[in-house]
Amino acid sequence: MEPKLILQNTREMHLVSVRELLFIEADGNYSNVWLTNNDPFLHVIKEKGSEEKVINRDEVTEKNHSIKKIQLVMQLGDIEKRIEKSSNNVREKLVRIGRSYIVNVDYLFRIDLSESLLYLMDTDHNIFKLKIEHQYLVKLKEKLGK
C-alpha cells in the first residue's frame, strides 16, 4: 500500500498520496500543496531537442492537468507535525527546508547553491524553481550526500 498523508483542518480533509506530492509551501496561515498526477519512478525519455519548461506557480491552470494546487487552512508547522507522526516511508520522502517549504526528495532535480535555488522536476519535465535560504540548501545537500 502506498504511503498517504492525511491533511485536515476544521473544514476539509485530504488524503494525499506521497508519490504525487511535489512540495508544500507556507502562505501565512495557509499552506499550498502542489501535486502531480505523475509517478516520479516512471522512466520517461526526454525527446531530443525538447526543452524543460520552468513552471511559474502563478501560471498553473486547468490546462496543465498534471499539476494541481490545493490550498489548506493549515500552517506548515502543523503539516510537519503530521509528517513526523507518519510512517517511515512518509518521513523519508518529505523534508522540511527552511521556514517556507516541505519538499518530496523523489522530485529533486538540482540544487544551485550559487543562486540559492532548488529545482524540482516531475516526469513531464515540468520544473519548479524554489528560492531557498542558502544555509538550508547546504544542510539539504549534506543530508542527501550521506
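A residue is called buried when its relative accessible area is under 20%, exposed when over 50%, and partly exposed in between, using a 1.4 Å probe and protein chains only. By that rule F23, at 0% relative accessibility, counts as buried, and I shall come back to F23 shortly.

Good morning, colleagues. What we have here is a predicted model, in which local features need pLDDT of at least 70 and side-chain atom pairs count only at pLDDT 80 or more, while totals for chains, interfaces and linings use all residues. Residues are numbered from 1 along each chain as its sequence is written, and side-chain values use heavy atoms, with hydrogens and water left out.

Let me begin with confidence. pLDDT is the predictor's confidence in each residue, from 0 to 100. The chain has a mean pLDDT of 82, and 79% of its residues reach 70 or more. Helices (H or I, at least four residues) and strands (E, at least two) are DSSP runs, numbered from the N terminus. Among these elements, β8 has the highest mean pLDDT, 96, and strand β5, residues 53–55, the lowest, 55. Over residues 39–50, pLDDT stays under 50. Where pLDDT is low, the predicted coordinates should not be read in detail.

I turn now to the aromatic residues. Rings of Phe, Tyr and Trp (its six-membered ring) pair if their centres lie within 6.5 Å; planes under 30 degrees apart count as stacked, over 60 as edge-to-face and the rest as tilted. Four aromatic pairs are found in the whole structure. In one of them, the rings of F23 and W34 are stacked, because their centres are 5.7 Å apart and their planes at 15 degrees. F23 belongs to strand β3 and W34 to strand β4, so this pair ties together parts eleven residues apart in sequence. W34 is also buried, with a relative accessible area of 2%.

F23 has a further partner, F128, in an edge-to-face pair with 5.3 Å centre to centre and 65 degrees between the planes. Since F128 lies in strand β11 (residues 126–131) and F23 in β3, the pair ties together parts 105 residues apart in sequence. F23, W34, Y101 and F128 form one aromatic cluster.

Finally, helix α1, residues 76–84. Which of its residues are buried? They are L76, I79 and I83. Seen down the axis, the buried residues fall within an arc of 60 degrees (taken from the directions from the helix axis to the C-beta atoms), so they line one face of α1. The face turned away from that buried side carries the exposed residues K81 and E84.

How values were computed. Contact = heavy atoms within 4.5 Å.
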